[in-house]
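Student: Can we go through this protein together, one question at a time? I'd like to look at the picture first.

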Amino acid sequence: MTTILAIETTTELASAALFVEDQMFTLELSGVQTHSQGILPAIQSLLAEAKLALSDCDAIAFGCGPGAFTGIRTACGVVQGLAFGANLPVLPVVSLQSMALAAAERVSMADFVCVLDARMNEVYWAHYHFSGNDCVELSPPALSRLDEVLVSTPPDSTQIVLGNGLALPEQLRGFAHVNLMPHAIQVAKIGLHGLQAGLSVAAEEAQPLYLRNKIALTTAERTMVKASS
């Protein structure tokens, strides 16, 4: 019996899931306190519901990004602490891939371009192709403007998967689309596949996926900009 604990906190919708053999326990949380205060109680609640201890799990999967910096850091810190304490392997899962899997479970298409709002008029995105149970990454996670993403996206054979903060922009007229957020259910499923494929890492090796190195200027940098203007 394989048991995977999974968390996803890269957007404002946080979730936790516990996959036990063929049964999935899950909780969703939303609100300001979700990431820093809600995810550990959610994990404890799921373990209690399944009548399991953390040490009964085979691995911990988490949405490693891209997404909100605070949420990614929270997930990584929580998972590292839990995995180190229970001596469990960790399975980082790209949040965009979990969106692609959720879309593949809903619609009968094979190609998915997944998009998350990155602010500053940019998006995080990646392109995935499904063949049976296999998922192939055609374009790795990147940071771009939405119009740049759509240039190479064929509208007749690709499903656009829109995540948080993205209404239907004018550029998407003519594209098949669905609105889905990254979720711990798909993180758990991808994590299970990764565990079976030998892709787990040690707790100290679990790292977040950052695509933007800097989101704001420091006070000193703002002062220099004003002085030079």
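Student: Which strands does α3 lie across, and at about what angle does α3 run to β6?

Tutor: Two quick notes first: this is a predicted model, where local features need pLDDT of at least 70, side-chain atom pairs count only at pLDDT 80 or more, and totals for chains, interfaces and linings use all residues. Residues are numbered from 1 along each chain as its sequence is written, and side-chain values use heavy atoms, with hydrogens and water left out. Helices (H or I, at least four residues) and strands (E, at least two) are DSSP runs, numbered from the N terminus, and an angle runs from 0 to 180 degrees between N-to-C directions, with axes as lines fitted to C-alpha atoms, for helices over the stretch in contact. Now, α3 lies across β6 (111-119), β7, β8, β9 and β10, and the angle to β6 is about 135°.

Student: How many of the ten residues of α3 are buried?

Tutor: Buried means under 20% relative accessible area, exposed means over 50%, and partly exposed is in between (1.4 Å probe, protein chains only). The buried ones in α3 include S95, L96 and M99. α3 is mostly covered, and the count is eight.

Student: What is the strand order in the open sheet of five strands?

Tutor: Two strands pair if DSSP finds at least two bridges between them. The pairing in this sheet is mixed, and the edge strands, which pair on one side only, are β8 and β10 (176-179). On average, neighbours in the sheet are turned by 20° against each other, direction ignored. The order is β8-β7-β6-β9-β10.

Student: Which residue in β10 is the bridge partner of L162?

Tutor: Start with strand β9, residues 158-162, which is joined to β10 by four bridges. The two strands run parallel. For L162, the partner in β10 is N179.

Student: Which element gives the most residues to the lining of the largest pocket?

Tutor: A pocket here is an open set of points on a 1 Å grid over the protein atoms alone, where a 1.4 Å probe fits and protein lies on both sides within 12 Å along at least five of seven lines; lining residues have an atom within 4 Å of a point. Elements that each supply at least two lining residues include β5 (90-94), β7 (122-131) and α5 (184-196). With six residues, the top contributor is α5.

Student: What volume of space lies in that pocket?

Tutor: Grid points are joined across faces, edges and corners, and a volume is the space filled by probe spheres set on the points. The lining has 23 residues, and the closest to the centre are Q97, C135, K189, I190 and H193. The space in this largest pocket is about 580 Å³.

Student: Is G63 buried or exposed?

Tutor: G63 sits in strand β4, residues 59-65, and seven of the seven residues in β4 are buried. Contact means heavy atoms within 4.5 Å, and, leaving aside neighbours within four places in sequence, G63 has contacts including I7, A75 and V187. Its relative accessible area is 0%, so G63 is buried.

Student: Which residue in β5 stands opposite F62?

Tutor: On one side, β4 is joined to strand β1 (residues 3-8) by four bridges, in parallel. Five bridges join β4 to β5, also running parallel. Opposite F62 in β5 stands P92.

Student: Is the peptide bond from G65 to P66 cis or trans?

Tutor: Most residues other than glycine have a negative phi, and most peptide bonds are trans. P66 lies in the loop between β4 and α2 (69-86). Omega of the bond from G65 to P66 is near 0°, and the bond is cis.

Student: What is the phi of R119 near?

Tutor: R119 lies in strand β6. Because the relative accessible area of R119 is 63%, R119 counts as exposed. Its phi is positive although the residue is not glycine, and the value is near 65°.
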